[in-house]
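I opened this model to go through its salt bridges, one pocket, a surface patch and some backbone details. My entries follow in the order in which I looked things up.

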Amino acid sequence: MRNIGVILAGGTGTRMGRALPKQLLEVAGRPILSYSVRAFDSCPQISEILLVMAPGYAKVAEEVTGPYRKVTQILEGGATRSDSTLRALAALAAEPDDGVVLFHDAARPFVDHEIIDRCLAALRSHDAVAVGMPVTDTIVHVGPGEQVTQMPPRAELRRFQTPQGFRLGTIRKAYELALADPAFTATDDCGVVHRYLPGVAIPVVEGGEHNLKVTHPFDITIAEALHGGLG
């Protein structure tokens, strides 16, 4: 069975306020993108890597990923995350439904083999898997008038990270149903499976505090500090 990693780097990172997409900004002298590609490339269980890159930056991506032999395709990303996922799935059309795919945000540079391995282990007995961390802040639901309407117990909440993993047949079917829904919107791939294939269990495996997402300018400072601590 082939385990395929898809690195999603199709965003432009407008919240960073920089000219370059955030995945090309540097942490400790290297593009953010290179860290997650290296993690998947060096993982023995990963057979192949597809990179979905921001439009106009394919040549730069080729230079960044040149040292990593498992990167076989660089695709142009779509307007949304879901569009980018669909482009990756189209590129994997020849792969069997029982194959495994992990979708990872390039903006999470410090994913490690332990997290990847936990996802792959879960997919031996499940059709989907998410990565999450316990919530430490109290999370509330706010309704009209900025009034608190619900206060879910923290013990039941998780902060999602990536990768998110699937049997290819499962994620294909979920998107097939999603695309037939005129009201379809999604922010992540597990959300698509949860909504359109509610009978599919999605276990949550442990992520890591180091597996942060670089979104705002201050996150670069945090990533620099983490890099020093991670060695």
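Is R87 buried or partly exposed, and what is its relative accessible area? I read R87 as partly exposed, with a relative accessible area of 40%, where buried means under 20%, exposed over 50%, and partly exposed in between, with a 1.4 Å probe and protein chains only.

**Entry 1, ground rules.** I note that this is a predicted model, in which local features need pLDDT of at least 70, side-chain atom pairs count only at pLDDT 80 or more, and totals for chains, interfaces and linings use all residues. Residues are numbered from 1 along each chain as its sequence is written, and side-chain values use heavy atoms, with hydrogens and water left out.

**Entry 2, around E76.** I placed R87 in helix α3, taking helices (H or I, at least four residues) and strands (E, at least two) as DSSP runs numbered from the N terminus. R87 and E76 are 11 residues apart in sequence, and I found their C-alpha atoms 8.0 Å apart in space. I then turned to M53 in strand β4 (residues 48-53), which counts as buried at 1% relative accessibility. The C-alpha atoms of M53 and E76 are separated by 5.1 Å, although the two residues are 23 apart along the chain.

**Entry 3, salt bridges.** I recalled that side chains of opposite charge can pair when their charged atoms come close. Counting a salt bridge as a side-chain nitrogen of Lys or Arg within 4 Å of a carboxyl oxygen of Asp or Glu, I arrive at eight salt bridges. One of them joins D105 and R81, with the closest N and O atoms 2.4 Å apart. Because D105 lies in strand β6 (residues 100-105) and R81 in helix α3 (residues 81-91), this pair ties together parts that are 24 residues apart in sequence. I also noted that both D105 and R81 are buried.

Within helix α5, K173 and E176 lie three residues apart, about one turn of the helix, and their side chains meet in a salt bridge at 3.7 Å, N to O. K173 is partly exposed, with a relative accessible area of 36%. I looked next at the side chains of R195 and D181, which meet in a salt bridge at 3.2 Å, N to O. R195 lies in helix α6 (residues 189-196) and D181 in the loop between α5 and α6, so here the pair ties together parts that are 14 residues apart in sequence. R195 counts as partly exposed at 43% relative accessibility. I also recorded that salt bridges with shared partners join R2, E48 and E95 into one network.

**Entry 4, a buried position in α5.** Going back to helix α5 (residues 168-179), I located I171 there and found that this residue counts as buried at 0% relative accessibility. The C-alpha atoms of I171 and V37 are separated by 22 Å, with their positions 134 residues apart along the chain.

**Entry 5, the second largest pocket.** I find a volume of about 260 Å³ for the second largest pocket. On a 1 Å grid over the protein atoms alone, a pocket is an open set of points where a 1.4 Å probe fits, with protein on both sides within 12 Å along at least five of seven lines, and lining residues have an atom within 4 Å of a point. The volume is the space filled by probe spheres set on the points. Of the 14 lining residues, Y35, R38, F110, V111 and L230 are the closest to the centre of the pocket. Helices α1 (32-41) and α7 (217-230) each supply at least two residues of the lining, and α1 gives the largest share, three residues.

**Entry 6, a surface patch.** I noted a nonpolar surface patch of about 340 Å² made by V140, V142, V148 and M151; such patches take residues with over 30% relative accessible area and no salt bridge, nonpolar side chains (Val, Leu, Ile, Met, Phe, Trp, Tyr) being joined within 5 Å. M151 lies in the loop between β9 (147-150) and β10 (158-167) and is exposed, with a relative accessible area of 58%.

**Entry 7, backbone.** I saw that the peptide bond from T162 to P163 is cis, with omega near 15°, and that P163 is found in strand β10. E146 has a positive phi near 55° although this residue is not glycine; E146 sits in the loop between β8 (141-143) and β9 and counts as exposed at 68% relative accessibility.

Terms used. Patch = residues over 30% accessible without salt bridge, like charges linked within 9 Å, V, L, I, M, F, W, Y side chains within 5 Å. Areas by Shrake-Rupley, 256 points an atom, 1.4 Å probe, with all protein chains shown as cover.
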